[in-house]
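Trainee: I should be grateful for a close look at the annotated active-site residues of this protein. Please then set them against the surrounding parts of the fold.

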Amino acid sequence: MKPLQFKPFSLGRKIPAPLNGYLKGLAVSSTPSYGVISPYDSNTRSTLLSLAQQSISTPLSQRFQEDPKRAERYSAEIGPLFVDYSKHHIDSNILDTLCTIARNRGVTTQLAALRTGAHLNNTENRAVNYPSLRRWAVDQQSGDSAIDSMYSNMAALVNDIHSGKLRGQTGKAFTDLVNIGIGGSDFGPRLICDALSNQDEPLLKTHFAANIDPSVISEVLATVPAETTLFIVASKSFGTQETRSNATAARNWLCSELKCDDVDQHFIAITSRPESAKTFGIREDLILTVPEWIGGRFSVWSGFGLAIALSTGMENFLAFLGGGHDIDQHVEYSPLESNIPVILGLLDVWYRNAWGISSQAVLPYEHHLKLLPIYLQQLFMESAGKSVSSDGEILQHGTGGVIWGTEGTNGQHSFHQLLHQGSDTIPCDFIASLHSYNPVGEQHQNLIANCFSQSLVLMQGQSAAEIETSLTSNGMPAVDAKKLAQHKAMLGNRPSTTILMNQLTPRALGALIALYEYRLFSASFVWGINPFDQWGVELGKQISQTLMGALSGKESPELDSSTAQLITRYKQAQQT
């Protein structure tokens, strides 16, 4: 089979123009490609370049032919998950090299520091200790009084609502729940509630409102009963514009529908700033306080998972935490060479920095994981979308790439053409459940067959010569067969990971999310970035407040001609 013909390296290529100004004066021995590892020592860099060049000329199908035990060698069970990463450009030499880089870059040290609550989020001077959140599911204690108090209060709230002790303004028990949040306060609970909705009827019918677009909250409010709807206002700072606006709209609607001003028992706040929630009008006994260090995109493990517990039950939320704890244990006690989340993170580094690949597709062949690619977009792109090291130095190598995807088999009728025959190599994650909660004939078996076939074809491909032979044997003229074969040929040699679970349970879901978190952490530590902050989202928020004044005509800031023109058109439209 013909190997991939492309050049991932371009040692003489200049740094992209936006970075030129930053890099002036830096002592760089040779101008690196933005995507090729450069801050590491020259020997490591040379080794990686050599390994990558060798890998390009070694087809994946050849690796399987030469090593009958390859699949067994590069796959493992980890908690309730089975991870097969054998269809990657990896061998023992490559893996040893990547693990050596990880040790030299302090990955093991930083993972250990994460478990002890070290201030790895140095730009915000905050601790990071997500394993302590998941440990609570096992011991009902975490070693941190703030975490223990949060979970105890959360369990009490869940019990009061499910038992009917806490009721609506008219005395009726709650039937519906609206989670008002955005970003991590929305993506995580939304994903988990949807993923687990295929098992039992929800204890509360759960809805989500995130976007500030007025259509979102309006459409949610049009579907819920005022007397029996509970609202969660989820905002760590309790200053998030979208959340406050939607919460205000919900309160005004509820007061109007119930024809009273006292609707306090319909609102619960989740925040790290309880005083701000009280000022907003949330009753003190209905405020669930979370520690300040918990970041939004990692907050599903905390009190921000309240919607999950209310929708599916506290026991399911604890099982979700338990699945994450399974991964914590694996990461803590497994050497790098067999540490699955770390290896997946190192593969991300390998492809990003040695192959020049900046895109990753996540393809769940499980309908109730359809929101997973969206969740992972925030997890990876907000965390690893950095061009500055944790020490504030401008990086000369690529970091996080683009995460995208959708559920199978829908994607096969959409973008899989690009995956199979496009000019770019895009590593893929295939995720599937071996059992369906909703079996219908052979449909689930067909789904699994499609999942496995996609990774097989990406790896193996089909040469033009094979296709040409098949076409001519079926009677097509040789000239036509030769021409059509070029269009139908699949180069193959494209890497993928397959992650299987027996069934989509709360525990398996927790393990899956934690697996991806550790993968992100491991790659970020090699890259030398802080994955726990997200300063890149702040300036746009600040500017929007200035533009609000301009749109209303109250302010006249100096603006570029394009933005001024857009504002003028908006104001004119409001007058018609």
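**The annotated residues and their surroundings**

Mentor: Lys541 is partly exposed, its relative accessible area being 47%. This value, like every other one below, comes from a predicted model. Lys541 belongs to helix H22, which comprises residues 538–552.

Lys541 enters the discussion through the record: an unreviewed UniProt entry lists Glu382, His413 and Lys541 under "active site". The three residues span 160 residues in sequence, and their farthest two C-alpha atoms are 37.1 Å apart, so they do not all gather at one spot. Of these residues, Glu382 and Lys541 are included in the lining of the largest pocket.

His413 is placed in the loop that runs between strand S9 (402–404) and helix H17 (416–421). With a relative accessibility of 74%, His413 counts as exposed, because the cut-off for that class is over 50%. Lys541, at 47%, is partly exposed.

From the annotated residues we may turn to the interior. In general, nonpolar side chains of soluble globular proteins tend to be buried together. The largest nonpolar core of this model has 113 residues, and Trp350, Leu372 and Phe521 touch the most other members. Helix H21, residues 506–527, gives the most to this core, with 15 residues. Apart from the largest core lies another, of 25 residues, among them Ile180, Leu258, Phe267 and Phe280.

Trp350 merits a closer view. Setting aside neighbours within four places in sequence, Trp350 is in contact with Leu48, Leu51, Ala52, Ser55, His89, Ile94, Leu98 and Trp355. His89 also appears in the surroundings of Thr58: with neighbours within four places again left aside, Thr58 is in contact with Arg63, His89 and Asn493. Thr58 itself lies in the loop between helix H2 (42–56) and helix H3 (60–66), and at 17% relative accessibility Thr58 counts as buried.

Phe267, named above as a member of the 25-residue core, leads to Leu230. Leu230 is found in strand S5, residues 229–234, and counts as buried at 0% relative accessibility. Beyond its neighbours within four places in sequence, Leu230 is in contact with Ile161, Phe174, Asp176, Leu177, Val178, Gln265, His266, Phe267, Ile268 and Leu310. The C-alpha atom of Leu230 is separated by 42 Å from that of His416, and the two residues are 186 apart along the chain.

Leu310, one of the contacts of Leu230, has a number that falls within helix H13, residues 306–312, where Thr312 also has its place. Thr312 counts as buried at 14% relative accessibility. Outside its neighbours within four places in sequence, Thr312 is in contact with Leu196 and Leu203.

The cysteines complete the account. The count of disulfides comes to 0. For Cys260, the closest cysteine sulfur is that of Cys255, at 6.1 Å, which is too far for a bond because a disulfide requires sulfur atoms within 2.5 Å. Cys260 counts as buried at 19% relative accessibility, a value that falls under the 20% cut-off. Cys99 is likewise classed as buried, at 0% relative accessibility.

To return to the request: the record lists Glu382, His413 and Lys541, and these residues do not all gather at one spot. Glu382 and Lys541 are found in the lining of the largest pocket, while His413 is an exposed residue of a loop.

Conventions:
Residues are numbered from 1 along each chain as its sequence is written. This is a predicted model: local features need pLDDT of at least 70, side-chain atom pairs count only at pLDDT 80 or more; totals for chains, interfaces and linings use all residues. Side-chain values use heavy atoms; hydrogens and water are left out. UniProt positions are given in the numbering used here, feature names are shortened, and annotations may be inferred rather than shown by experiment. On a 1 Å grid over the protein atoms alone, a cavity is a set of points where a 1.4 Å probe fits but cannot get out, and a pocket is an open set with protein on both sides within 12 Å along at least five of seven lines; lining residues have an atom within 4 Å of a point. Helices (H or I, at least four residues) and strands (E, at least two) are DSSP runs, numbered from the N terminus. Buried means under 20% relative accessible area, exposed over 50%, partly exposed in between (1.4 Å probe, protein chains only). A nonpolar core is a set of buried Ala, Val, Leu, Ile, Met, Phe, Trp, Tyr and Cys residues joined through side-chain atoms within 4.5 Å. Contact means heavy atoms within 4.5 Å.
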